[in-house]
Each structure stands twice: as structure tokens, then as C-alpha cells.
Amino acid sequence: DTKRAQRTMKEKFIQAASTAKELLAICQLKMSTDNTVLEAEAYYLFLQGQALIENEKTAENEKIFKEALRCMIKANELYTLLSNCLLYTSPSPRDLSTSRMPSSA
């Protein structure tokens with residue numbers, strides 16, 4: 001039953017990585033913002049790395065594991081870049097002088 005669960009998890013990550021790759025392609029074609037493209041790329045790389053790691057559990061292939069590690073490191077770098085971008089582009093709470101709540105009048 002454990003092998004069956006591993007196979008199912010592997011299949012889910014493979015499907016998720018495939019869908020994330022399609023999302024990345026759409027973002028690149030639709031002239032999305034740079035941050036959106038970076039986020040889609042990071043998401044794809046993370047899921048691709050996870051799919052490769054799940055595959056590694058059954059394949060025992062060092063080359064696959066190294067590629068998974070490369071994907072995860074690149075995804076981490078992109079997420080770090082994105083978080084730094086968001087720090088400098090998000091409005092500060094003190095910059096919001098009016099309430100976001102709709103008026104009751």
C-alpha cells in the first residue's frame with residue numbers, strides 16, 4: 001500500500017508540474033508583469049523538483065536527484081527575489097490614510 005501511495009503522489013506532482021509549466025507559458029505569452037512570470041517560473045520549478053524527488057524515491061538515480069536539487073535551488077532564488085521585490089513595492093500600512101471599508105452613508 002505504501003508503494004501505491006508513493007506512485008499516486010508521484011503522479012500528482014508530475015501532473016501539477018505539467019500544469020504549472022502550462023501556466024508559465026501562458027504568463028510569458030500574455031505579457032504578464034515580470035513578477036507574475038517569476039512567480040509562475042518559481043512555482044513550476046518547485047513542483048518539477050518535487051516531482052523529480054518523488055521519482056527519485058523509486059528510481060534511485062543520482063542524475064535525477066541533482067536535477068531536482070537544481071530546480072529547488074532555482075525556485076528558492078526566485079521566491080527570495082520576489083519577496084525582496086514585494087518588500088519595496090507594497091504600500092506601508094501607514095501610507096493608507098483612509099479605511100478600506102466601504103462607507104455606510
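I looked up Tyr 43 first and found it in helix H2 (residues 34–59). Helices here are DSSP runs of H or I with at least four residues, strands are E runs of at least two, and both are numbered from the N terminus. Tyr 43 is partly exposed, at a relative accessible area of 40%. My cut-offs: buried is under 20% relative accessible area, exposed is over 50%, and partly exposed lies in between (1.4 Å probe, protein chains only).

I noted the ground rules next. The model is predicted, with local features needing pLDDT of at least 70 and side-chain atom pairs counting only at pLDDT 80 or more, while totals for chains, interfaces and linings use all residues. Residues are numbered from 1 along each chain as its sequence is written, and side-chain values use heavy atoms, with hydrogens and water left out.

**Surface**

Tyr 43 belongs to a nonpolar surface patch with Leu 23, Phe 46 and Tyr 79. Together these four have about 350 Å² of accessible area. Patch residues have over 30% relative accessible area and no salt bridge; like charges are joined within 9 Å, nonpolar side chains (Val, Leu, Ile, Met, Phe, Trp, Tyr) within 5 Å. I then took the whole chain: about 8200 Å² is exposed, and carbon and sulfur atoms supply 57% of that. Areas come from the Shrake-Rupley method with a 1.4 Å probe; for residues, only the protein chains shown count as cover.

**Fold**

I found three helices and zero strands. The order from the N terminus is α-α-α. Of 105 residues, 23% count as buried. I also checked contacts (heavy atoms within 4.5 Å). Among those between residues at least 6 apart in sequence, 60% join residues at least 24 apart.

**Core**

Which residues have the most contacts inside the largest nonpolar core? They are Leu 24, Tyr 44, Leu 45, Leu 47 and Leu 78, in a core of 19 residues. Helix H1 (2–29), H2 and H3 each supply at least two of the core residues. H2 gives the largest share, nine residues. I count as a core a set of buried Ala, Val, Leu, Ile, Met, Phe, Trp, Tyr and Cys residues joined through side-chain atoms within 4.5 Å. In soluble globular proteins, nonpolar side chains tend to be buried together.

I followed Leu 47 outward. Beyond its neighbours within four places in sequence, Leu 47 contacts Phe 13, Ala 16, Ala 17 and Ala 20.

**Polar residues in H2**

Glu 54 lies in helix H2. Is Glu 54 buried or exposed? Glu 54 is buried, at 9% relative accessible area. Setting aside neighbours within four places in sequence, Glu 54 touches Gln 6, Met 9, Lys 10 and Phe 13.

Gln 50 is also placed in helix H2. Gln 50 counts as buried, at 18% relative accessibility. With the same neighbours within four places left out, Gln 50 is in contact with Phe 13 and Met 72.

**Salt bridge**

My search of the whole structure gave one salt bridge. The criterion is a side-chain nitrogen of Lys or Arg within 4 Å of a carboxyl oxygen of Asp or Glu. Glu 67 and Arg 70 form the bridge, 2.8 Å from N to O. Both sit in helix H3 (residues 62–89), three residues apart, about one turn of the helix. Glu 67 is partly exposed at 32% relative accessibility. Arg 70 is partly exposed too, at 44%.

**Cysteines**

I looked for disulfides (cysteine sulfur atoms paired within 2.5 Å). There are zero. Cys 27 is buried at 9% relative accessible area. Cys 71 is buried at 2%.
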